[in-house]
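Subject: Structure for you to look at

Dear colleague,

I am passing on the structure we spoke about, with the sequence alongside. Below it you will find what came out of going through the coordinates.

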Amino acid sequence: MTMHPAPAPSRRRRSGTKQPGRLRLRAALTAAVAVVAVLAMGACGAAPDASSPGAPPASSPSVAVAAAARAYVDAVNARDLDALAAAFAPDAEIIDVSRSIRGHEAIRAWAEREVIGGALRVISIAENRSDGQKLLVHWAPEGSDGWRAHYDFTVGDGRIVKVDLQYA
């Protein structure tokens, strides 16, 4: 008599048969994927950088930017030339890398040519002083992915008297 081994149990699931261990595992995996997706979406919206040139980057709500510097950042992002100019004292100076731009009319002309239309996001506060604040920002001129820079604001009587803009 020849003995044949017993057939291997079928791995096919029969309709209506429940496998509690597998169902729990599948539910846990589904939940984990959902959590990762939610966290990824939150991270993408929290700090856009050079990878999102089309969307105007927003400043982090946890960054306590001084009022005069905030007025500048908000005016840039709102594309509001009048508000940007109003953030500066009449005899204010901008150092843009190595150029000096001095006075309301020159600042307004510079901003109209080189700033309005871009997007500015505050990344962090690099330094707080009694007369101002140095910010690490992501600046993206219109049509550009942008770059990081340090914007060092000096303030007097609630308005910007000097800002030094340098690559970070």
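**Val97 and the loops**

Val97 counts as partly exposed, its relative accessibility being 35%. Please keep in mind throughout that this is a predicted model. Val97 sits in the loop between S1 and S2, and although this residue is not a glycine, its phi is positive, at about 60°. A second residue of this kind is Asp157, again not a glycine, with a positive phi of about 50°. Asp157 belongs to the loop between S5 and S6, and with a relative accessible area of 86% it is exposed.

**Overall layout**

The chain has 4 helices and 6 strands, which follow one another along the sequence in the pattern α-α-α-β-β-α-β-β-β-β. Of its 168 residues, 29% count as buried. If one takes the contacts in the chain with a separation of 6 or more, 45% of them are accounted for by residues 24 or more positions apart.

**The core**

In soluble globular proteins, nonpolar side chains tend to be buried together. Here the largest nonpolar core has 30 residues, and those with the most contacts inside it are Tyr72, Leu84, Phe88 and Tyr151. At least two residues of this core come from each of the helices H2 (67-78), H3 (81-86) and H4 (104-114), and likewise from each of the strands S1 (88-96), S3 (119-129), S4 (132-140), S5 (147-156) and S6 (159-167). The element that gives the most to this core is H2, with 6 residues. If you want one residue from which to start exploring the core, you could select Tyr72: leaving aside residues up to four places away in sequence, Tyr72 touches Leu84, Ala87, Phe88, Trp110, Val115, Leu120, Tyr151, Phe153 and Ile160.

**The two sides of H4**

Which residues of H4 are buried? They include Ile107, Trp110 and Ala111, and because these three cover an arc of only 95° around the axis, they lie on the same side of H4. An α-helix has 3.6 residues a turn, so residues three or four places apart point the same way. On the other side of H4, Glu105, Glu112 and Arg113 are exposed. As for what the buried residues of H4 pack against, the partners are H2, H3, S1, strand S2 (99-102) and S6.

**The largest pocket**

The largest pocket holds about 210 Å³ of space. It is lined by 15 residues, of which Asp96, Val97, Trp139, Trp147 and Tyr151 are the closest to its centre; H4, S5 and S6 are the elements that give two or more residues to the lining. By chemical class, the lining of the largest pocket divides into 11 nonpolar, 1 polar and 3 charged residues. Two of the names met above return here: Val97, with its positive phi, and Tyr151, listed among the residues with the most contacts inside the largest nonpolar core.

**From S6 through S5 to H2**

Finally, a chain of contacts can be followed from Val161 by way of Val155 to Ala68, and I set it out one residue at a time, leaving aside in each case any neighbours up to four places away in sequence.

- Val161, found in strand S6, is partly exposed, with a relative accessible area of 30%. Val161 touches Ala89, Ala92, Glu93, Thr154, Val155 and Gly156. From C-alpha to C-alpha, Val161 and Gly132 are 9.7 Å apart in space, while in sequence they are 29 residues apart.
- Val155, found in strand S5, is also partly exposed, with a relative accessible area of 24%. The residues that Val155 touches are Ala68, Asp131, Gly132, Ile160 and Val161. Val155 and Ala92 are 63 residues apart in sequence, and their C-alpha atoms are 9.6 Å apart in space.
- Ala68, placed in helix H2, is buried, since its relative accessible area is 7% and the cut-off for buried is under 20%. Ala68 touches Ala87, Val155, Gly158, Arg159 and Ile160. Ala68 and Gly158 are 90 residues apart in sequence, yet 6.1 Å apart in space, C-alpha to C-alpha.

With best regards

Note on methods: Residues numbered from 1 in each chain as written. Predicted model: local features only at pLDDT ≥ 70, side-chain atom pairs only at ≥ 80, totals over all residues. Heavy atoms only, no water. Core = buried A, V, L, I, M, F, W, Y, C linked by side-chain atoms within 4.5 Å. Buried < 20%, exposed > 50% of the residue type's maximum accessible area, 1.4 Å probe, protein only. Contact = heavy atoms within 4.5 Å. Arc of directions from axis to C-beta. 1 Å grid on protein atoms, 1.4 Å probe; cavity = no way out; pocket = protein on both sides within 12 Å on 5 of 7 lines; lining within 4 Å. Points joined across faces, edges and corners; volume = space filled by probe spheres on them. Nonpolar A, V, L, I, M, F, W, Y, C, P; charged D, E, K, R; others polar.
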